[in-house]
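Let's work through some exercises together, one step at a time. Keep the sequence and the 3D view open while you read.

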Amino acid sequence: MSRPTRFRPSPSRPSPSRPSPHVLILGGTTEARLLAADLAARPGVRVTTSLAGRVTRPGSLAGEVRTGGFGGPEGLAAWLRERHVDALVDATHPFAETITANAVDAAAATGTPAVILRRPGWQAGPGDHWHPAGSLNEAADRLPGLGRRVFLTTGRLGLAAFAHLSGHHFVARSVEPPEPPLPPDTRVLLARGPFTVADETALLRDHRIDVLVTKDSGGAATAAKLTAARELALPVVVVRRPPPPRGADVVSGVPAVLERLGRLERLGLSGP
């Protein structure tokens, strides 16, 4: 896979005829919103956030917003050229593997400086009973030996991996209604984080959950379920996040992205 273009200082400032410095954020995550708000507040910087369009009510975002795909890496590369994008930030979900790969390839093809923003993953602590899985299919394979009443928080697009498990009762939570196929015995809860430990503990008790399945999304908004599972001594199947593309420039927070952008003279950022 092609290597992304690293953030390096520009040799000169853009000419007066060049459009305002433009940053494209691929996102929808909390970190993407924070970054967009910071950049949009800076005079002379244009920021566009691109959303996949899978959530019907994504909430307000600072700067410009576009929705929908680009048509693969070639389409994204064309968009970067046509819109005079000076820097690309992939702040999508840690499991948006295809989007991240497309971003890296498009950045390399166009010479656009690129960085991947990934919040740190969760770490097991004392009292946790975690069972790592390399995929949703592997997570489904682990369930028969761990419990029958499953709290499933893997997102609305991942339930198909569990659809063949007829001997389990699933409580599936997602922001939007999940797409079929679903397991035959499934109760869907529509909710958006952040969630409190008290609320998560009550949910696990009320539904008599005996095993939790989740992706390693990281972040605080949905981490309370892990604390609740620990306090109730429940096993947790944690699906590992995919690795970033080889050679990608990966950072773990908004300040680190702003530091990278600050190296680009053409953006004219005075600092974080």
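On a 1 Å grid over the protein atoms alone, a cavity is a set of points where a 1.4 Å probe fits but cannot get out, while a pocket is an open set with protein on both sides within 12 Å along at least five of seven lines; lining residues have an atom within 4 Å of a point. Grid points are joined across faces, edges and corners, and a volume is the space filled by probe spheres set on the points. The model here is predicted, so local features need pLDDT of at least 70 and side-chain atom pairs count only at pLDDT 80 or more, whereas totals for chains, interfaces and linings use all residues. Residues are numbered from 1 along each chain as its sequence is written, and side-chain values use heavy atoms, with hydrogens and water left out.

**Exercise 1. Describe the second largest cavity and its lining.**

Step 1: start with the space, which is about 40 Å³.

Step 2: find the lining, made up of Thr29, Glu31, Ala91, Thr92, Pro94, Leu117, Arg118 and Arg119.

Step 3: sort by class, where Ala, Val, Leu, Ile, Met, Phe, Trp, Tyr, Cys and Pro count as nonpolar, Asp, Glu, Lys and Arg as charged, and the others, Gly among them, as polar. This gives three nonpolar, two polar and three charged residues.

**Exercise 2. How many cavities of 30 Å³ or more are there, and what lines the largest cavity?**

Step 1: the count is two cavities of 30 Å³ or more.

Step 2: the largest cavity has a volume of about 50 Å³. Its lining has 10 residues, and Ala103, Val104, Ala114, Val115 and Ile116 lie nearest the centre.

Step 3: place the lining on the chain, using helices (H or I, at least four residues) and strands (E, at least two), which are DSSP runs numbered from the N terminus. Strand β5 (114-117) contributes the most, with three residues.

Step 4: the classes come out as eight nonpolar, no polar and two charged.

**Exercise 3. Which residues lie closest to the centre of the second largest pocket?**

Step 1: this pocket has a volume of about 190 Å³.

Step 2: among its 14 lining residues, Thr100, Pro242, Pro243, Pro244 and Pro245 are the closest to the centre.

Step 3: helix α3 (residues 97-110) gives the most to this lining, with three residues. By class, the lining holds 10 nonpolar, one polar and three charged residues.

**Exercise 4. Is strand β7 (residues 149-153) largely enclosed or open?**

Step 1: recall the cut-offs: buried means under 20% relative accessible area, exposed over 50%, and partly exposed in between (1.4 Å probe, protein chains only).

Step 2: five of the five residues of β7 are buried, so the strand is largely enclosed by the rest of the structure. On one side these are Arg149, Phe151 and Thr153, and on the other Val150 and Leu152.

Step 3: look for neighbours, remembering that two strands pair if DSSP finds at least two bridges between them. Four bridges join β7 to the parallel strand β8 (residues 169-174), where Val171 is the bridge partner of Phe151. Strand β10 (residues 211-215) also pairs with β7 in the parallel sense over four bridges, and there Thr214 stands opposite Thr153.

**Exercise 5. What does Val89 touch in the largest nonpolar core?**

Step 1: a nonpolar core is a set of buried Ala, Val, Leu, Ile, Met, Phe, Trp, Tyr and Cys residues joined through side-chain atoms within 4.5 Å.

Step 2: the largest such core has 21 residues, and Val89 is one of those that touch the most other members.

Step 3: contact means heavy atoms within 4.5 Å. Not counting residues up to four places away in sequence, Val89 touches Val23, Leu24, Ile25, Leu26, Leu35, Val115, Leu117 and Val257.

**Exercise 6. Where are the unusual backbone angles?**

Step 1: most residues other than glycine have a negative phi, and most peptide bonds are trans.

Step 2: a cis peptide bond joins Pro180 and Pro181, with omega about 5°. Another cis bond joins Gly193 and Pro194, with omega about 10°.

Step 3: His84 has a positive phi of about 50° and is partly exposed, at 38% relative accessible area. Arg208 also has a positive phi of about 50°, but Arg208 is exposed, at 56%.
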